[in-house]
Amino acid sequence: MKRILSLCYRRGFLIKRDTAVEGTRDFDYGPSGTALKRNLVDEWWRSVVTSTGNVYPLDSSIISDSRLQENDNFLLSRREKTSEQHLLRSTVCSMRLVEKCIEIFGQSLPFGVAECGRAFGATLKPSEYPLRHEEGEHMGVVFLCQPTEDQQWYYHWQKARLRWWKKLAANPENFSLVETPTSELPGHTLKESFIKYKFPWGPAVVEQISNTGDSQFQRMDDETRARFKIAKGLDGRTYPHRLSLSASVDKGLFAYICDAYSETWRPYGPDHELKQCVVLRLHSCLSPRIVAVLPATDDTRVSTYCRMLTEELRTVGIVSSLSRVGAFPYRLALEDEMGTPYRIIVDEKTLEAGILALQDRDTAAMV
């Protein structure tokens with residue numbers, strides 16, 4: 001884990017704080033980490049919102065009215081008060097907002113809402129460094145369905161979410177699904193499962209999937225509960241069954257960094273001497289940048305060509321960078337550690353014949 005953290009601080013995934021506040025993380029995300037986190041959230045958003053058609057986006061305040069705790073199912077462990085009647089939320093996708101969506105759109109079942117935002121939760125074990133903080137960003141879905149279809153949708157989301165985590169992994173076998181035995185289910189929960197990643201310190205949950213049936217509606221006051229009867233397909237004597245998905249952005253980010261981290265030997269330099277190096281095998285959808293343009297020489301004409309090529313790539317929407325730090329072998333090593341999937345290498349032959357060399361990160365093969 002020390003080597004992975006060293007890479008994170010060295011390549012701008014993390015920036016260590018000089019001072020830390022109790023209950024918050026002792027690092028900030030650097031440029032690389034912020035881009036990786038943004039890409040992770042975007043991929044999640046595409047998988048649960050854009051590609052589904054019946055899950056709708058939300059964006060709510062981190063401050064919650066304490067009087068709505070019971071209806072919103074806020075599991076506040078920190079209980080930090082911002083005023084006499086307000087608390088910092090511990091989860092996303094408030095049921096109050098689900099109610100508003102029904103009121104506005106009159107949605108028929110099944111349908112859900114999705115939100116990604118900051119929340120405060122339980123402190124993790126000290127061994128789970130650097131994730132031992134209460135502050136975090138969460139990706140959540142609340143999904144309502146017919147009582148007769150809750151099992152079907154529960155297993156649908158279970159398979160879909162596990163498939164998504166594995167799809168973006170270099171080593172998908174490190175992700176696993178663990179079902180909670182019936183005898184160990186928390187109160188009012190019909191089904192519960194966890195997607196775990198095998199971190200260096202051991203398996204830890206990256207996402208929770210649960211089916212709480214209609215228990216949350218039964219705990220509401222009569223006036224609030226009645227508003228959920230308007231969904232088409234219900235006979236007025238029953239209420240929707242509620243499924244919830246909750247994933248940690250921070251844990252997900254570290255899972256993919258740990259998953260992508262590898263040490264290997266590669267020939268760097270003009271003598272092609274084998275040297276040990278770190279390669280971050282991030283999925284191209286997650287990598288902070290897709291292409292790095294590397295000048296093979298310090299020729300001014302080559303540098304100008306590289307700058308123009310980088311600008312052209314950005315113009316067409318390809319996230320790219322111009323790498324000019326250090327000697328050419330160092331530039332290659334830097335891009336390996338950054339997790340950049342492809343490198344375009346420019347030299348004098350490019351200026352003469354217009355031929356570019358494209359190198360793949362994982363195989364180091366050039367075409």
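Reader: How many aromatic pairs does a search of the whole structure find?

Author: The model shown above is a predicted one, and that should be kept in mind throughout. A pair of aromatic rings is described by the distance of the centres and the angle of the planes. When the whole structure is searched for such pairs, the number found is 13.

Reader: Is the aromatic pair of Phe27 and Tyr29 stacked or edge-to-face?

Author: Both partners are buried, because Phe27 has a relative accessibility of 0% and Tyr29 has one of 11%, and the cut-off for buried is under 20%. Their ring centres lie 5.5 Å apart and the angle between the planes is 80 degrees. Since planes over 60 degrees apart fall in that class, the pair of Phe27 and Tyr29 is edge-to-face.

Reader: Which parts of the chain does the pair of Phe143 and Trp157 link?

Author: The rings of Phe143 and Trp157 have centres 5.5 Å apart and planes at 70 degrees, so this pair is edge-to-face. Phe143 and Trp157 are both buried. The two residues are 14 residues apart and the pair links distant parts of the chain, with Phe143 in strand 8 (residues 135-145) and Trp157 in helix 5 (residues 150-167).

Reader: Which residues of the largest nonpolar core touch the most other members?

Author: In soluble globular proteins, nonpolar side chains tend to be buried together. The largest nonpolar core here has 52 residues, and the two that touch the most other members are Phe175 and Tyr256.

Reader: Which helix gives the largest share of this core?

Author: The core in question is the one with 52 residues, in which Phe175 and Tyr256 touch the most other members. Its largest share amounts to eight residues, and these come from helix 8 (residues 249-260).

Reader: Which residues do ring pairs link into a cluster?

Author: Phe175 is a useful place to begin, as its contacts beyond four places in sequence include Trp165, Tyr197 and Tyr256. These three also belong with Phe175 to a cluster linked by ring pairs, whose full membership is Trp164, Trp165, Phe175, Tyr197, Phe199, Trp201 and Tyr256.

Reader: On the same side of helix 9 or on opposite sides, where are its buried residues?

Author: The buried residues of helix 9 are Val302, Ser303, Cys306, Leu309, Thr310 and Leu313. Because they cover an arc of only 125 degrees around the axis, they are placed on the same side of helix 9.

Reader: Which residues are exposed on the other side of helix 9?

Author: The buried residues of helix 9 are covered by elements that include strand 15 (291-295), strand 16 (320-322), strand 17 (342-346) and helix 11 (348-353). On the other side of this helix, the exposed residues are Thr300, Arg301, Met308 and Thr315.

Reader: Which residue caps the N-terminal end of helix 9?

Author: Helix 9 (residues 300-315) has 16 residues and reaches 23 Å from its first C-alpha to its last, which is close to the expected 22 Å. Just after the helix, Gly317 takes a positive phi of about 90 degrees. At the N-terminal end, a side-chain oxygen lies 2.7 Å from the backbone nitrogen of Arg301, and the capping residue that carries this oxygen is Asp299.

Reader: Which backbone oxygen does the side chain of Ser262 reach?

Author: Ser262 lies in strand 13 (residues 261-268), and it counts as buried because its relative accessibility is 16%. Leaving aside residues up to four places away in sequence, Ser262 touches Cys277, Val278, Val279 and Arg281. One of these partners is also reached by the Ser262 side chain at 2.8 Å, through the backbone oxygen of Val279.

Reader: Is His188 buried or exposed?

Author: His188 is found in the loop between strand 9 (175-179) and strand 10 (191-199), and it has a positive phi of about 70 degrees although it is not a glycine. Its relative accessibility is 54%, and because the cut-off for this class is over 50%, His188 counts as exposed.

Reader: What is the relative accessible area of Ala364?

Author: Ala364 is placed in the segment after strand 18, and its phi is near 65 degrees, a positive value in a residue other than glycine. Ala365 lies in the segment after strand 18 (357-360) as well, and counts as partly exposed at 41% relative accessibility. Ala364 is also partly exposed, and its relative accessible area is 27%.

Methods
Residues numbered from 1 in each chain as written. Heavy atoms only, no water. Core = buried A, V, L, I, M, F, W, Y, C linked by side-chain atoms within 4.5 Å. Buried < 20%, exposed > 50% of the residue type's maximum accessible area, 1.4 Å probe, protein only. Helix = DSSP H or I, 4+ residues; strand = E, 2+ residues; numbered from the N terminus. Contact = heavy atoms within 4.5 Å. Polar contact = N/O pair within 3.5 Å; in protein donor to acceptor, adjacent residues only side chain to side chain. Phe/Tyr/Trp six-rings, centres within 6.5 Å; stacked < 30°, edge-to-face > 60°. Expected span 1.5 Å × (residues − 1). Arc of directions from axis to C-beta.
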